[in-house]
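Got your viewer ready? Here is a short tour that tells you what to select at each stop.

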Amino acid sequence: MQMADIAFGTTDWSTIEATEHKGETGAATWRTRQFGPIRVRMVEYTPGYLADHWCVKGHILLCLEGELTTELADGRVFVLKPGMSYQVADNAEPHRSSTQVGAKLFIVD
């Protein structure tokens with residue numbers, strides 16, 4: 001990842017407009033900042049959320065609260081708890097997220 005032409009700045013995530021994204025079940029609320037080609041998000045999933053698609057976008061993801069289950073298309077399953085992260089490259093391993101209890105994540109992609 002090349003990070004260029006980004007001035008130093010801070011983000012108060014509570015002031016960033018939230019957008020809702022429905023899952024197969026539940027919903028995700030995104031607060032998004034865009035820095036050139038780099039998207040940075042604070043994402044909150046409702047309890048019972050299940051993504052409505054397999055994602056092929058690369059991410060670096062940090063679980064801040066709750067618990068997130070990530071299933072890979074090959075059948076592997078990973079559970080993130082607060083303080084845990086994962087990283088995956090673009091077009092590398094299709095994945096989808098779910099949570100029984102809800103989760104809050106910080107994501108860079």
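**First stop: a cysteine**

Select Cys55 and turn on its side chain: this residue is buried, with a relative accessible area of 16%. Bear in mind as you look that the model is predicted.

Now add Cys63 to the selection. Cys63 is buried as well, at a relative accessible area of 1%. How far from Cys55 is the nearest cysteine sulfur? That sulfur belongs to Cys63 and sits 17 Å away, and Cys55 is in no disulfide. Go back the other way and Cys63 is in no disulfide either, its nearest cysteine sulfur being that of Cys55. A disulfide needs the two sulfur atoms within 2.5 Å, so the count here comes to 0.

**Next: the whole chain as a cartoon**

Drop the side chains and color by secondary structure. You'll find 10 strands and 0 helices; reading along the sequence gives β-β-β-β-β-β-β-β-β-β. The radius of gyration is 14 Å, close to the 13 Å that the globule rule gives for 109 residues, so the chain is as compact as a globular protein of that length. Along the principal axes, the C-alpha atoms fill a box of roughly 40 × 30 × 25 Å.

Try showing contacts now. Of those between residues at least 6 apart in sequence, 58% join residues at least 24 apart.

**Last: the surface**

Switch on the accessible surface, which comes to about 6,700 Å², with 53% of it belonging to carbon and sulfur atoms. Underneath, buried residues make up 31% of the 109. Finally, color by charge: there are 10 positive and 14 negative side chains, and the centres of the two sets lie 1 Å apart.

Note on methods:
Residues numbered from 1 in each chain as written. Predicted model: local features only at pLDDT ≥ 70, side-chain atom pairs only at ≥ 80, totals over all residues. Heavy atoms only, no water. Helix = DSSP H or I, 4+ residues; strand = E, 2+ residues; numbered from the N terminus. Rg over C-alpha atoms; globule rule 2.2 N^0.38 Å. Buried < 20%, exposed > 50% of the residue type's maximum accessible area, 1.4 Å probe, protein only. Contact = heavy atoms within 4.5 Å. Areas by Shrake-Rupley, 256 points an atom, 1.4 Å probe, with all protein chains shown as cover. Lys, Arg positive; Asp, Glu negative; His and termini not counted. Charge placed at Lys NZ, Arg CZ, Asp CG, Glu CD.
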